Amino acid sequence: MGDSLSVRPRRILYRTGAVTLVNFVVFVLVSAYIGGDALNGYVSHGHFFVCGHGRFAQVTSSIWN
């Protein structure tokens, strides 16, 4: 019962997992570099703010997007 996936689906699964892991690491590193993430941030009067650990940092609209 252990190996139910053939070679092609296993390759797709591993590559998808690798891309997902890289994407997560990049998200964490960029969030740390700019001072937070847009998930916890907000937009006020055309100003964009990211939030990380309770601190807000103003960023440009291109970084926000």
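How many aromatic pairs does the structure hold? The structure, a predicted model, holds three aromatic pairs. Two of them are described below, after the sheet that carries their residues.

## The sheet

Three strands make up an open sheet in the order 1-2-3, and their pairing is antiparallel. Strand 1 (37-44) and strand 3 (55-59) are the edge strands, each of which pairs on one side only. From one strand to the next, the twist averages 35°.

Strand 1 and strand 2 (residues 47-52) run antiparallel and are joined by four bridges. Tyr42 has Phe49 in strand 2 as its bridge partner, and Asp37 stands opposite Cys51, also in strand 2. Strand 2 and strand 3 likewise run antiparallel, with five bridges joining them. Here Gly52 is found opposite Arg55 of strand 3.

## Aromatic residues across the strands

A pair of aromatic rings is described by two quantities, the distance of the centres and the angle of the planes. For Tyr42 and Phe49 these are 4.9 Å centre to centre and 20° between the planes, and the pair is stacked. Planes under 30 degrees apart count as stacked. Tyr42 and Phe49 are also bridge partners, so the contact between the rings accompanies a backbone pairing of strand 1 with strand 2.

The rings of Tyr42 and Phe56 have their centres 5.2 Å apart. Their planes stand at 70°, and because planes over 60 degrees apart count as edge-to-face, the pair falls in that class. This pair links distant parts of the chain, with Tyr42 in strand 1 and Phe56 in strand 3, 14 residues apart. Tyr42, Phe49 and Phe56 together form one aromatic cluster.

Which of these residues are buried, and which are partly exposed? Phe49 has a relative accessible area of 17% and is buried, because the cut-off for burial is under 20%. Tyr42 counts as partly exposed at 37% relative accessibility. Phe56, at 47% relative accessibility, counts as partly exposed too.

## The two hairpins

Two residues lie between the strands in the hairpin of strand 1 and strand 2, and His45 takes a positive phi near 50° there. His45 is in the loop between strand 1 and strand 2, and its positive phi occurs in a residue other than glycine. With 78% relative accessibility, His45 counts as exposed, because the cut-off for exposed residues is over 50%.

The hairpin of strand 2 and strand 3 also has two residues between the strands, and in it His53 takes a positive phi near 55°. His53 is not a glycine either. Its place is in the loop between strand 2 and strand 3. At 88% relative accessibility, His53 counts as exposed.

## The nonpolar surface patch

Where on the chain does the nonpolar patch draw most of its residues? Helix 1 (residues 7-34) gives the most, with six residues. The patch is formed on the surface by Leu21, Phe24, Val25, Phe27, Val28, Leu29 and Leu39, which together have about 710 Å² of accessible area.

Leu39 belongs to strand 1, one of the edge strands of the sheet. At 71% relative accessibility, Leu39 counts as exposed. The patch therefore includes residues of helix 1 as well as a residue of strand 1.

## Helix 2

Ser62 is located in helix 2 (residues 61-64). With a relative accessibility of 58%, Ser62 counts as exposed. Ser62 and Phe48 are 14 residues apart in sequence, and their C-alpha atoms are 9.6 Å apart in space. Phe48 falls within the residue range of strand 2 (residues 47-52).

Note on methods. Residues are numbered from 1 along each chain as its sequence is written. This is a predicted model: local features need pLDDT of at least 70, side-chain atom pairs count only at pLDDT 80 or more; totals for chains, interfaces and linings use all residues. Side-chain values use heavy atoms; hydrogens and water are left out. Two strands pair if DSSP finds at least two bridges between them. Axes are lines fitted to C-alpha atoms, for helices over the stretch in contact, and angles run from 0 to 180 degrees between N-to-C directions. Patches are made of residues with over 30% relative accessible area and no salt bridge: like charges are joined within 9 Å, nonpolar side chains (Val, Leu, Ile, Met, Phe, Trp, Tyr) within 5 Å. Accessible areas come from the Shrake-Rupley method with a 1.4 Å probe; for residues, only the protein chains shown count as cover. A salt bridge is a side-chain nitrogen of Lys or Arg within 4 Å of a carboxyl oxygen of Asp or Glu. Buried means under 20% relative accessible area, exposed over 50%, partly exposed in between (1.4 Å probe, protein chains only). Rings of Phe, Tyr and Trp (its six-membered ring) pair if their centres lie within 6.5 Å; planes under 30 degrees apart count as stacked, over 60 as edge-to-face and the rest as tilted.
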